[in-house]
Every structure is written in structure tokens, then in C-alpha cells.
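Please look over the sequence and the model below before reading on. The report concerns helix packing and strand order.

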Amino acid sequence: MNWQAVSVATKNEAIEAVADILLQVGAQGVQINDHDAISVKAYYPDDEQLGETVTAIQKALKHLSDIGMSVAPATITVNGIQQKDWEDNWKAYYHAERVTRHFTVVPSWETYHPNQIDELPIIMDPKLAFGTGTHETTRLMLQALENVVRGGESMIDVGTGSGVLAVAAKQLGVAHVMATDIDEMSVNVAKENLRLNPVAQDVTVVASDLLADVVISPVDLIVANILADVIERLIPQTTTLLKPGGLFLVSGIYDNIALHIEDVLRANDYTIVQKSQMGEWHGYIAQLKEKN
């Protein structure tokens, strides 16, 4: 197997947080270089998931900056190639891929014809945002949607990223979808991908820090494939925007925090109805308890 070195330039006070990000997205260890400029380096398989890994790191670094941590310059280098050049060369790594029973994720520059009647294509421009469908956490969420959607539901997609889950939900027959991300730049990224998918043209996208700025009647489903460090903050926000008996689908949870997240779900009146796992990543389908 070939490997690629991914390095993040940062500041001394952010070393631990950056190292944690690299470990969360699959590194077995990290190297710290503090000779001339500080950088944190890790190695990842040189395969079709490398692009998604790089973008996951990018999004996590942005989140650290958004919450006030000084991580600058936060530039990412892949084996000597800076992130901008890496993004320009993603096409060599990204091709149409069947990711679940029904869903095939297709890059925007490829012409693709479904091979089976029940195959549902999701068109993505992978350079834009984390969540193109190949990462384990996204697969877990797509499978969860396949399991629970019956058609006609209302849904909120929290931290929509690339918009992949919003598109998938519409493909399965969810009637109304609101997608959120943290700022206008992220919202524009999601809109770009939604425009590539005719089925998702009526998805509403709003800027919100999780659900803080969402004003909507309670929905049938809430989905979130986001970084583990904000899931605990999100869970209490979901209960007023989800119908009693509604379902909360969540992933982005790695081994070390899974049991804690389960406790937080139960403490907020959720019953865990399904647990799934791919590698070190966990996903949950949780049901909000009916009020007496």
C-alpha cells in the first residue's frame, strides 16, 4: 500500500487540537515538527478516500477557528503539494462509487448511467466540502436514511457540508428538507452541490450554528454527520425541533466517545433503536420519547 504524508502548519497552542483532528480521521500516529515552523504530520493510505480525509481535516480546522482557537496559518500540505494544488488534482482520485445498497456518488464531471432500477445517483463536486459519501461516517448515515425513510417526511440536516445527506433524503422521498451549516460560505458550498441534483432543488439552506438560528415547526427526522466535539452540544437542541417519536440520526462519533454520546442521548429522552459501526466510527438511530 502507498501512503501520503499530510501536514498542517499551525501554532504551538493548537498542536494538541490539530493532532487530535488527524487522529480522528484515521491516522495511527502523528509527528510534531517545531524546528523552523510548527507543523503536525500524519500518514494516510493513498487511495480514493484520501481526498475526503483532506477535506475533513480542512473542515475541522475551520471549526477550531470558528470557536476562537488560533490555528493559523492552518495550511494543509499533501506530500509537498499545498492544498490548493491538491484540490485541483482531485479528479485523479475521485470516480463514481456505489456506497450503499441504493446510493452511488458520482463526481460532477463524469457522465453516469445507473446500472440497476433501484440505484440512486448523488452528484457531488468533491472539492467543495466534507461528506462526499465515501467516508465511513457518511456511509453510516446514508444507510440509516435507507432504513428509516418511508416517504413524505420533514427533515433537518445539521451541518450539511456537501449536502450529500439532503440529496439522499430527497432521493428516498423525504418531502421537506432544511439544511444548515455554520456560515454563509458553507451555505454557498452546499447550494452548489444541491444545484447539481434536480431532486434537491427545493431544499432550503440556512446559516446557523447547529440549530441555534433555526425557526421551523418540529420535524420527523433530524440528521447530523458532524465532528464529535459538537455532537454533545447539538443533542439538547434537537429535542424541541423533533416531533415526539421522531428520529435523530447521528454519526461522526469515534470509539473513545461513543459510550459517552449514548449516555447524552438517553439523558435527553432518546431511546437508541439502532447502533452501527464501520471501523472506529459509530452511527446511531435514536427515537425521541413520546410525551405522557
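The sections below take up the basis of the model, a helix pair and a sheet.

## Basis

This is a predicted model, in which local features need pLDDT of at least 70 and side-chain atom pairs count only at pLDDT 80 or more, while totals for chains, interfaces and linings use all residues. Residues are numbered from 1 along each chain as its sequence is written, and side-chain values use heavy atoms, with hydrogens and water left out.

## The helix pair α4 and α5

The axes (lines fitted to C-alpha atoms, for helices over the stretch in contact, with angles from 0 to 180 degrees between N-to-C directions) of helix α4 (residues 136-148) and helix α5 (residues 164-172) come within 10 Å and cross at roughly 20 degrees. The two helices, α4 and α5, are therefore roughly parallel to each other (angles under 35 degrees count as such).

Contact (heavy atoms within 4.5 Å) is made by Thr-138, Met-141, Leu-142, Leu-145 and Glu-146 of α4 with Val-164, Leu-165, Ala-168, Ala-169 and Leu-172 of α5.

## The sheet and its helices

Seven strands (DSSP runs of E, at least two residues, just as helices are runs of H or I of at least four, numbered from the N terminus) form an open sheet with mixed pairing, in the order β11-β10-β9-β12-β13-β15-β14. Pairing requires at least two DSSP bridges between two strands, and the edge strands β11 (204-207) and β14 (270-278) each pair on one side only.

Strands β12 (residues 219-225) and β13 (residues 242-254) run parallel and are joined by six bridges; Leu-221 stands opposite Leu-247 in β13. Helix α5 also packs on the sheet, where α5 touches β9 (154-158), β10 (176-181) and β12, and the direction of α5 makes about 165 degrees with that of β9. Helix α8 (residues 255-267) packs on the sheet as well, touching β13, β14 and β15 (281-288), and the direction of α8 makes about 165 degrees with that of β13.

Note on methods. Angles under 35 degrees count as roughly parallel, over 145 as roughly antiparallel, 65 to 115 as roughly perpendicular and the rest as oblique.
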